[in-house]
Amino acid sequence: MSETVGHTPDDLPPDLPSVLSGDARERAPSFILTLDPRVRLAAAVACSVVFAVLAEAQSAAIALGFAALCLVASRPPWRSTLRRVAAINAFFILLWLTAPFTTPGDAAFALGPLEATRQGLELCLLVTLKANAIALMFLALAGGMNPAELGGALERLHCPAKLVFLLIFAYRYAHVAAREWRTLAVSARLRGFAPRASLHTYATYAQMIGMVLVNSFERSERVYEAMLLRGFTGRFRTVADYRARRRDAVFLLALGVCLACLLALPAFLPFLPGK
């Protein structure tokens with residue numbers, strides 16, 4: 001990457017982890033990682049759109065299975081990947097606790113005065129299956145990309161340059177801001193600060209947040225000046241060679257067939273045995 005940030009002494013090293021699934025160096029070699037980053041990113045978006053419009057739980061379950069197979073084929077670092085999947089599913093606990101009891105329909109069971117409906121349970125199941133399918137597909141296809149690969153792929157897919165820079169720099173310097181916060185928190189504890197439900201605690205946290213924002217603003221000015229000194233012109237440049245090959249075409253063709261079959265599946269469900 002040529003037109004990128006000049007590293008100040010207290011910055012993180014340039015070897016940043018991949019955007020979605022930890023350090024890309026932890027991944028074992030796989031066919032998916034050899035694909036063009038543009039193909040992987042476009043395929044992930046296409047799968048997400050198809051998965052999102054599925055209206056049958058059976059189709060969503062098949063989509064989840066397909067996404068899980070792709071994730072296994074990408075050979076990710078399983079510990080960090082499972083943590084991310086667990087964090088995603090934690091958001092659905094509230095959905096399962098509320099939607100079955102607030103969605104009108106046929107009663108399925110009752111918990112005291114609360115009555116869960118079959119339609120509410122089916123809605124929760126459908127949303128959970130589709131969201132997990134989308135998450136697993138992104139982890140499989142885009143999980144091994146580092147910020148430079150992601151930025152280069154987005155730029156060559158003609159995404160707005162400002163959006164690309166916003167995404168890459170937000171990821172790049174979120175780590176720096178987090179480290180700044182940890183440094184301030186340690187400094188406060190060494191000075192005897194013990195958080196309590198008091199005005200002093202609230203004022204201390206407000207001052208710490210303000211210091212992080214001020215330091216981030218000053219750092220952004222230094223980074224921008226360093227970029228200008230290195231010839232930055234507003235474009236995301238990289239030395240990587242993005243060139244589609246035969247394997248990319250075969251992958252897109254196979255994926256397109258799978259997605260078409262998935263979209264056509266509801267039309268054939270009534271003819272399956274037991275329907």
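Here a trainee and a mentor talk through the labels used for this predicted model.

Mentor: Ground rules: residues are numbered from 1 along each chain as its sequence is written, and side-chain values use heavy atoms, with hydrogens and water left out. As the model is predicted, local features need pLDDT of at least 70 and side-chain atom pairs count only at pLDDT 80 or more, while totals for chains, interfaces and linings use all residues.

Trainee: Okay, what makes up the secondary structure of the chain?

Mentor: Nine helices and two strands, in the order α-α-α-α-β-β-α-α-α-α-α. Those are DSSP runs numbered from the N terminus: helices are H or I with at least four residues, strands are E with at least two.

Trainee: Why is D36 called buried?

Mentor: Buried means under 20% relative accessible area, exposed over 50%, and partly exposed in between, using a 1.4 Å probe and protein chains only. D36 has 3% relative accessibility, so D36 counts as buried. Across the chain, buried residues make up 36% of the 275 residues.

Trainee: And what makes D36 and R38 a salt bridge?

Mentor: The term needs a side-chain nitrogen of Lys or Arg within 4 Å of a carboxyl oxygen of Asp or Glu. For D36 and R38 the closest N and O atoms are 2.8 Å apart, so the pair fits that definition. The structure holds four salt bridges.

Trainee: How do you know that R118 and D106 form one too?

Mentor: Their closest N and O atoms are 3.1 Å apart, and the cut-off puts that pair in, so the label holds. R118 and D106 also belong to a salt-bridge network with E122.

Trainee: What about E155 and R156?

Mentor: There the closest N and O atoms are 3.4 Å apart, so that pair gets the label as well. R156 has 28% relative accessibility, so R156 is partly exposed.

Trainee: Why is H158 called exposed, and what is odd about its phi?

Mentor: H158 has 72% relative accessibility, so H158 counts as exposed. H158 has a positive phi of about 65° although it is not a glycine. That stands out because most residues other than glycine have a negative phi. H158 is in the loop between α6 (147-156) and α7 (161-190).

Trainee: Where does R75 lie, and what label does its accessible area give?

Mentor: R75 lies in the loop between α2 (57-74) and α3 (78-90). Its relative accessible area is 44%, so R75 is partly exposed. R75 has a positive phi too, about 55°, although it is not a glycine.

Trainee: What makes V45, V49, V53 and L263 a patch?

Mentor: Patch members have over 30% relative accessible area and no salt bridge; like charges are joined within 9 Å, and nonpolar side chains (Val, Leu, Ile, Met, Phe, Trp, Tyr) within 5 Å. L263, in helix α9 (residues 246-268), has 45%, so L263 is partly exposed. Together the four form a nonpolar surface patch with about 340 Å² of accessible area, by the Shrake-Rupley method with a 1.4 Å probe, where for residues only the protein chains shown count as cover.

Trainee: How many residues line the second largest pocket, and which lie nearest its centre?

Mentor: It is lined by 17 residues, with F169, A170, Y173, S216 and S220 nearest its centre. The largest share of the lining, nine residues, comes from α7.

Methods
1 Å grid on protein atoms, 1.4 Å probe; cavity = no way out; pocket = protein on both sides within 12 Å on 5 of 7 lines; lining within 4 Å.
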